[in-house]
Amino acid sequence: MILIHFQTAMQRRSLLRCAAAALLASGLSAAPAWGQNKPIRLIVPYAPGGPLDVTARALAERVQPALGSIVVDNKPGAGGNIGADLVAKAAPDGGTIGIAAVATHAINPWLFSKMPYDAGKDFAPITQMVRVPNVLVINADTAQRLGIGTLAELIAYARKNPGKLNYGSGGNGSAGHLAGEMFKQGAGIFAVHIPYNGANPAQLALLAGQVDYNIDNLAAAAANIKAGKIKALAVTSARPSPLLPGVPAMADTLKGFEVDTWWGLVAPAGTPADVIGRLNAAFTEALKAPETQQRFAQLMAEPVPTTPEQFGQFMARERARYEPVVKRSGAKVD
């Protein structure tokens, strides 16, 4: 009887070992590839439901076979600085990664008087995730009343009528505000900036005709463009976007003009190179998948998989580009 129980126990252990081996072979291990026994924490420094959050959750789902469980943790506040700082100060072991965005890693270093982290030194780049074209949109009734149907006509009107046009944004120092300042400088015009408490109120003000034009990201503006409530004059990417057929690039009128919304993945500085490499391989493969591209296209977002080095160099260029823009705008958060 004892022998029978012993054999049964041995058989059960053998079956468990076989099942575990099969699970590993299928790539569905619950632990990351470098042997960590807990889920990876992916910090999104903004509230749930926005494009950054949606894309982060979509990728977290796709990389689970390669990396194991990933828990998305939203930590909004201070223009994204609270969540970014949590990533910067996490243990550099691959257990915590986060989203780096144009605000947290290019604008905020010049906008905030005191920063809790160094955007250039406290992070290890993994990969850029996406870019979303911005679009200059004008209230449809305003466009008809003033006879503005193209970007060139908007610029011509603004030059002849300095200060009569205004534009809205989600607040002083926001991406929309700074894109508007770049446009004003590049076009040689003056328009009054009206800041609102967030992108949604700024969009509502445009729809109501309280402001004349905005520079918004395409994901937020697309529905109202399709509905005819606002008119798209130009996208701010270097080339026309396939996501908005028939709308020219602003660079066609203002040579060299290019402003995109972007975000990507970073880990704490000091994370081992082999861990960064495995994270990069898993996430770039997920970004290249046709299913990901189709899903992101619905958000007007273009996947941009890169090497860690490419993403690091890109963020450095963006910081250098936004420094004079922020200082010239006079925006500051104390």
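**A buried aromatic cluster, a covered helix and two pockets**

Phe-183 is buried, and so is Tyr-213, where buried stands for a relative accessible area under 20%, exposed for one over 50% and partly exposed for what lies in between (1.4 Å probe, protein chains only). The model is a predicted one, in which local features need pLDDT of at least 70 and side-chain atom pairs count only at pLDDT 80 or more, while totals for chains, interfaces and linings use all residues. Residues are numbered from 1 along each chain as its sequence is written, and side-chain values use heavy atoms, with hydrogens and water left out.

A pair of aromatic rings is described by the distance of the centres and the angle of the planes. Here rings of Phe, Tyr and Trp (its six-membered ring) pair if their centres lie within 6.5 Å, and planes under 30 degrees apart count as stacked, over 60 as edge-to-face and the rest as tilted. By this rule the model holds 5 aromatic pairs. One of them joins Tyr-167 to Tyr-213 in a stacked arrangement, with 5.5 Å from centre to centre and 15 degrees between the planes. This pair links distant parts of the chain, since Tyr-167 belongs to strand β5 (residues 166–169) and Tyr-213 to strand β7 (residues 213–217), 46 residues apart; helices (H or I, at least four residues) and strands (E, at least two) are DSSP runs, numbered from the N terminus. Tyr-167 counts as buried at 0% relative accessibility, and Tyr-213 likewise has a value of 0%. The rings of Phe-183 and Tyr-213 have centres 6.0 Å apart and planes at 90 degrees, so this pair is edge-to-face. Because Phe-183 lies in helix α8 (residues 175–187) and Tyr-213 in strand β7, the pair ties together parts that are 30 residues apart in sequence. Tyr-167, Phe-183 and Tyr-213 thus make up one aromatic cluster.

Helix α8 also appears among the partners of helix α5. Helix α5 (residues 102–111) is mostly covered, with 8 of its 10 residues buried, and these are Val-102, Ala-103, Thr-104, His-105, Ala-106, Ile-107, Asn-108 and Leu-111. The buried residues of α5 pack against α4, β3 (96–101), β4 (123–139), α8, β9 (260–268) and α13 (308–329), with contact taken as heavy atoms within 4.5 Å.

On the α4 side, Asn-81 sits in helix α4 and is buried, with a relative accessible area of 3%. Asn-81 and His-105 are 24 residues apart in sequence, and their C-alpha atoms are 9.2 Å apart in space. Apart from its neighbours within four places in sequence, Asn-81 is in contact with Thr-104, Asn-108, Phe-112, Met-115, Pro-116 and Tyr-117. With Tyr-117 the side chain of Asn-81 makes a polar contact, side chain to side chain, at 2.9 Å; a polar contact is a pair of N or O atoms within 3.5 Å, of which, within protein, one must be able to donate a hydrogen and the other to accept it, and residues adjacent in sequence count only if both atoms are side-chain atoms.

Helix α5 has a further role in the lining of the largest pocket, to which α5 gives the most, with 5 residues. A pocket is an open set of points, on a 1 Å grid over the protein atoms alone, with protein on both sides within 12 Å along at least five of seven lines, and its lining residues have an atom within 4 Å of a point. The largest pocket holds about 1200 Å³ of space and is lined by 47 residues, of which Tyr-46, Leu-52, Ala-175, Ala-199 and Asn-217 lie nearest its centre. The second largest pocket holds about 300 Å³. Its lining has 16 residues, and the closest to its centre are Arg-131, Pro-133, Ser-241, Pro-242 and Glu-302. To this second lining β4, α12 and β10 each supply at least two residues.

Two residues in loops stand out by their backbone angles. Ala-78, in the loop between β2 (70–74) and α4 (81–88), has a positive phi of about 55 degrees although it is not a glycine, and Ala-78 is partly exposed at 41% relative accessible area. Met-300, in the loop between α12 (290–297) and β10 (302–303), has a positive phi near 60 degrees and is likewise a residue other than glycine, but Met-300 counts as buried at 10% relative accessibility.

How values were computed: On a 1 Å grid over the protein atoms alone, a cavity is a set of points where a 1.4 Å probe fits but cannot get out, and a pocket is an open set with protein on both sides within 12 Å along at least five of seven lines; lining residues have an atom within 4 Å of a point. Grid points are joined across faces, edges and corners, and a volume is the space filled by probe spheres set on the points.
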